[in-house]
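Dear colleague,

I am passing on the structure we spoke about, and below it you will find my notes on the charged side chains. Please read them with the structure open beside you.

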Amino acid sequence: AGGPAGAPARRGAARAAMANSSGLREDELAEIAFNDENFIRMFGLHVNNALDYFALSPWYDHTSNNELVRMQKLGLEVLQTMKGIEYRLLHTGHEPVLFVVVKQERASQTIVRQQAIYYILDKTIYQAPTLQRLVVSRLVKTAAHLQNAFDKLNSAMRYAPSQGFTWHFEGDAYKSWRQSSEGLAFERRRKRRDERPERRGEAEISGILKTILNDFVPKDQHGLGGAGAVLPGAAAVGGPGAAAPALGSNATQATGGGQTPASGGLATPALQTPAVHNTPAPAPPP
């Protein structure tokens, strides 16, 4: 086990331990940032030492070809002739504010497979998120904002049979918006919108009453209450075809006991009282 056959396995384990020397998982590495003020203070940051600065970060793989080149003090152009993991600096044109470092696996001089992207922004190193992490993050934030909006709408909702659903918001932001020109214009539109259902309701009620009048009340009684109008009970009082008594403020109605003023200016039908006959009482028996 300790012969030459076990040497590659031991070297591979050592390389893996060096690569994971930060002790952080992949998902944790994607959420951190790295900055080394001592390096910046001593050497600054420019194109020639950006990869050296990145080698201090927890993302750097100490088993990469870049580490072998650094240990042997070779040039970076040697990386194109090697196979394995390497780091390459992309020129963005925004140096020294922004540097982009690409981690890739080289299979040949012309075939490479990109694994991760890092960027140095204002002397701080970050790992660029993958497309999956970016989409998931945006969806989670969008869902959180939508849920917050729905919660506020639900808490501000009011219902009234005459107006339907309305929303009443509170807070300084809403009060300041209500006082702005946009809020005042919205309030005017809301008042005009609330007046339309009221007018429409009045028109519907008028239409219902008109339908009832046309269907259930004879046409000759539509003007009840006017001069010379025929009362529904006139025929029963004065006989068939008899007209109602005249209407007037000083009208009186003759009764069996004298004159009675009409109440409300409407003459009431004559009331017949039983006749009284003066008949002498019979004489008592002897």
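**Salt bridges in the predicted model**

E105 and R113 form a salt bridge in which the closest N and O atoms are 2.8 Å apart. Please keep in mind that this is a predicted model. Of the two partners, I can add for E105 that this residue counts as partly exposed, at 32% relative accessibility. In total, the structure holds 6 salt bridges.

Another of these pairs joins R106 to E86, whose side chains meet at 3.0 Å, N to O. R106 belongs to strand 3 (residues 98–106) and E86 to strand 2 (residues 84–90), and the pair, 20 residues apart, thereby links distant parts of the chain. R106 is buried, with a relative accessible area of 9%, and E86 is buried as well, with a relative accessible area of 2%; both assignments rest on the cut-off for buried, which is under 20%.

A further salt bridge runs between E31 and R133, with the closest N and O atoms 3.6 Å apart. Because E31 sits in the loop between helix 2 (26–29) and strand 1 (33–34), while R133 lies in helix 6 (residues 131–156), this pair ties together parts that are 102 residues apart in sequence. E31 counts as exposed, at 63% relative accessibility, whereas R133 counts as partly exposed, at 36%.

Finally, there is a network of salt bridges, in which D52, E67 and R70 are linked.

With best wishes

How values were computed
Residues numbered from 1 in each chain as written. Predicted model: local features only at pLDDT ≥ 70, side-chain atom pairs only at ≥ 80, totals over all residues. Heavy atoms only, no water. Salt bridge = Lys/Arg side-chain N within 4 Å of Asp/Glu carboxyl O. Helix = DSSP H or I, 4+ residues; strand = E, 2+ residues; numbered from the N terminus. Buried < 20%, exposed > 50% of the residue type's maximum accessible area, 1.4 Å probe, protein only.
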